[in-house]
Amino acid sequence: GMERDGSVQEIRVVVACNEQSLFLRFIGLRLKGFAQRRYRTSGAFLQELDKHLREETELVIFGKSAIVLGFPTAPGSYGGTMDVDGIIPMGMLESLSNNESFWEALEKTNEVLKPTGLYITHLFQEDQIILTPDWLEKTVPLDLGLSHLKIHRPSTLDLILTKMMRGDDADLQEIEFLIKAD
């Protein structure tokens with residue numbers, strides 16, 4: 001939780017979802033004084049995670065990270081995202097929840113990046129967010145030069161749908177960008 005001095009300790013919440021054996025693990029650390037340049041936040045997290053993985057792992061990212069890494073024309077101000085959000089396709093629930101190598105790599109990554117404050121906030125099951133029925137077939141691969149991580153982002157329409165869930169001013173500005181970019 002948040003300490004009096006403003007620092008944030010590692011937060012772990014394990015939640016059982018939809019009567020399935022999947023446990024979502026939320027590991028959070030806040031960004032403190034890390035350079036907020038494009039790729040140095042989301043990209044740095046993914047590069048570090050890739051170093052700790054032992055096998056190929058697919059990850060669908062969404063939110064500001066997907067915009068920053070998936071759209072070369074994204075405004076520089078979007079590069080200040082402090083986290084990476086992911087979507088777990090229903091067909092991958094069991095394999096990812098049982099993939100101890102992935103969770104160990106995630107913990108190591110969070111530990112290494114703890115001083116910078118980069119973190120992974122949420123890994124959502126696909127049925128926990130708004131997406132089109134065939135969203136997975138329309139994901140866009142992102143070539144980030146990683147060895148083990150295969151990163152995808154949702155289609156522009158699906159990214160817009162995820163941004164509509166909160167509908168705050170920043171999300172509405174990002175929706176406007178996405179409409180113009182597509």
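In the predicted model, strand β3, which spans residues 57-62, is joined to strand β7 by four bridges, and these two strands run parallel. One of the pairings on this side of β7 can be given by residue, since E58 has K150 in β7 as its bridge partner. Strand β7 also pairs with strand β6 (residues 140-142), but here three bridges join the strands and the direction is antiparallel. Within the pairing of β6 and β7, P141 stands opposite H152, a residue of β7. The two strands β6 and β7 form a hairpin in which six residues lie between them, and G145, located in the turn, has a positive phi of about 70°. Strand β7 itself, made up of residues 149-153, is mostly covered, with four of its five residues counted as buried.

These strands belong to a protein chain that contains six helices and seven strands in total. When the chain is read along its sequence, the helices and strands follow one another in the pattern β-β-α-β-α-β-α-α-β-β-β-α-α.

Values for the whole chain complete the description. The protein chain has 182 residues, and 51% of these count as buried. Among the contacts in the protein chain that have a separation of 6 or more, 72% are made by residues 24 or more positions apart. The accessible surface of the protein chain was computed to be about 9,300 Å², and carbon and sulfur atoms account for 51% of that surface.

Key. Residues numbered from 1 in each chain as written. Predicted model: local features only at pLDDT ≥ 70, side-chain atom pairs only at ≥ 80, totals over all residues. Heavy atoms only, no water. Buried < 20%, exposed > 50% of the residue type's maximum accessible area, 1.4 Å probe, protein only. Pairing = 2+ DSSP bridges. Contact = heavy atoms within 4.5 Å. Areas by Shrake-Rupley, 256 points an atom, 1.4 Å probe, with all protein chains shown as cover.
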